[in-house]
Amino acid sequence: MFKNIVFYIFLLSLLLPNIILSFTEQLTPLGALTNVVLPGGVMYLLMSISPKIGRSIWLMFPLVFFAAFQIVLLALYGRSIIAVDMFLNLVTTNSSEVTELLASLAPVISFVILLYVPSLIAAGIFIHKGTHLDAHFMKYNFRTASAICVIGIGLLVCSFNSPANYSTKSHLYPVNVGYNIYLAVDRTKRTADYHNTSASFRYDAVSTHPTTDRELYMLVIGETSRAENWQLLGYDRPTTPNLSARHDIITSQRAYSESNTTHKSVPMLLSTVDATNFDSEIYKVKGIVTAFKEAGFSTAFLSNQRYNHSFIDFFAFESDTTIFIKELDTTSNPLEANRKPDSELLPVIDNIIAQGNKKQLIIIHTYGSHFNYIDRYESADCRFTPCDYKEAVKEERDKLINAYDNTIVATDRFISECINRLESLDGVKAGLLYTSDHGEDIFDDEHGRFLHASPRPSIHQVHVPFVAWLSEAYRTQYPDNDMKLRRNAHKLLSTSRSFTPTALDMAGIKVSGDALSDTTASLISSDYMPRKPLYLSDHNVAVRLKDIL
């Protein structure tokens, strides 16, 4: 009968993520079997309690949502359960970004719609007609489901007692998803209380440079820029013609971010927090802006991104001047405003420089190479063609790479324009640091991964560019800083750990308060000591990068 067929089809569709995860995750055979039998038995039992099949299906809608979300995630990244960061991205990512991403996921979204919507429609019809399952059918399935549950519980006990480090919070779907929701809610609450928990924070920062010297420093945070596509760092395409033509650029070939998500990586770049203390300290600290302000600097935070209602915004609004140029655009629709090139930040930068402040910090958060790539550059930067991809699929990789490389050309021009402005200020001690929050997967290998923020990163998502520049006036007055920066930049570098300490040392700012920085983290320190690359996991635990790649 039709209602019986819907019963089994719906049950199997709910179990599909368990089956797939048993192959994609690092589970033992026993753990994989537990991941299918126990949840399958429980879902089977829940479906067998009431004869009102329509109501039973709709009461299980949360499981439908998680299953659909999980399948889309697996199609995008190839592995991993729905992570805490995935849920947090739902509230920290702007609507235009979501629209662009969904457009690239049309095939898999169509699949989950076809997989789950017909059962939901049939369930609605059953409710309307008052359809009930037969008593004999219910009795048989209840007994079968109960037996499967008993077997599943036995497998769970065996999994706990196996040599493998088995945990339901990590290895049993959808229990692990439920735990991640709990963590996401907890972090959201803690974030909402940030202004209270950080209220008493101080850097006790002081400037060691002469008060009579005019100083101007720029910290440029890129977006989704991966080092391997930079000509300046050895790429075989001319993606950075302007910077490559200069002889005063300092770079790092071995720079790595400790997160592949913007909402974690940027706060680490702009504070003294890194992967080792993120979970305990991020709710207490203030950003680097506060240190510069305490040291007597005027400060500006300029962004080509949207508000994310989290730490990036919190740190941004510590500044004397805070401008998110997309948020000021009331004439364009959100999708059009989202296409603003980073070059539209340059007139705003000019206005800040024109104020002539004696001590000035300008932090610039660009939109860089964020997908949709083709919307991130102007026609003048379209050097690599064809780049007119229709959708984000492996078959279009050549066009995607061309478009992505064009975004690096645009980034090169933007950074060069910033340096030109600093260079034109005669006698001003000036410096610029640039790095990206994270990199990107672009169908680079057999795994077929695309974008970033996957629960388990690839090297393409964390290997990032690092660029430094010091003005002639600065190099003349502080030759030791120039020498140490050049020497240490050749060593292994964690941008998450070293960006803020390096910026503070560049500006001659010493801190001694709540966030006394690690003197071995700054590239302008005689004591600089690299450490093995770390990664901030979805559960905010620092793990060795090589262990999860």
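Helix H2 passes helix H8 in a left-handed crossing, and that's a good place to start looking around this predicted model. From there, we'll visit a second helix pair, where H4 passes H7 in a right-handed crossing. Then we'll zoom in on two single residues: Thr407, which is buried, and Phe317, which is partly exposed.

**Helices H2 and H8**

- To find this pair, look for H2 at residues 29-47 and H8 at residues 135-160.
- Their axes sit 7 Å apart, and the two helices pack at an angle of about 150°.
- Because that angle is over 145°, H2 counts as roughly antiparallel to H8.
- Sort the residues of the contact of H2 with H8 by class and you get 18 nonpolar, eight polar and no charged ones.

**Helices H4 and H7**

- Next up are H4, which covers residues 61-77, and H7, which covers residues 106-129.
- The axes of H4 and H7 come within 9 Å and cross at roughly 160°.
- That makes H4 roughly antiparallel to H7.
- Who's doing the touching? On the H4 side, the residues are Phe61, Val64, Ala67, Ala68, Ile71, Val72 and Ala75.
- On the H7 side, they meet Val108, Ile109, Phe111, Val112, Leu115, Tyr116 and Leu120.
- The class count for the contact of H4 with H7 comes out as 14 nonpolar, no polar and no charged residues.

**Thr407, a buried residue**

- You'll find Thr407 in helix H20, which spans residues 397-423.
- Thr407 has a relative accessible area of 0%, so it counts as buried, the cut-off being under 20%.
- The side chain of Thr407 makes a polar contact of 2.7 Å with the side chain of Ser369.
- Skip the neighbours within four places in sequence, and Thr407 is in contact with Gly368, Ser369, Tyr373, Arg376 and Tyr377.

**Phe317, a loop residue**

- Phe317 belongs to the loop between helix H16 (311-316) and strand E6 (321-324).
- Is Phe317 buried, exposed or partly exposed? With a relative accessible area of 48%, Phe317 is partly exposed.
- Leaving out residues up to four places away in sequence, Phe317 touches Tyr307, Thr322 and Phe324.
- Want a distance to check on screen? Phe317 and Val285 are 14 Å apart in space, C-alpha to C-alpha, and 32 residues apart in sequence.

Conventions: Residues numbered from 1 in each chain as written. Predicted model: local features only at pLDDT ≥ 70, side-chain atom pairs only at ≥ 80, totals over all residues. Heavy atoms only, no water. Axes fitted to C-alpha atoms, helices over the stretch in contact; angles between N-to-C directions. Helix = DSSP H or I, 4+ residues; strand = E, 2+ residues; numbered from the N terminus. Parallel < 35°, antiparallel > 145°, perpendicular 65-115°, else oblique. Left-handed = near helix turned anticlockwise from the far one by under 90°. Contact = heavy atoms within 4.5 Å. Nonpolar A, V, L, I, M, F, W, Y, C, P; charged D, E, K, R; others polar. Buried < 20%, exposed > 50% of the residue type's maximum accessible area, 1.4 Å probe, protein only. Polar contact = N/O pair within 3.5 Å; in protein donor to acceptor, adjacent residues only side chain to side chain.
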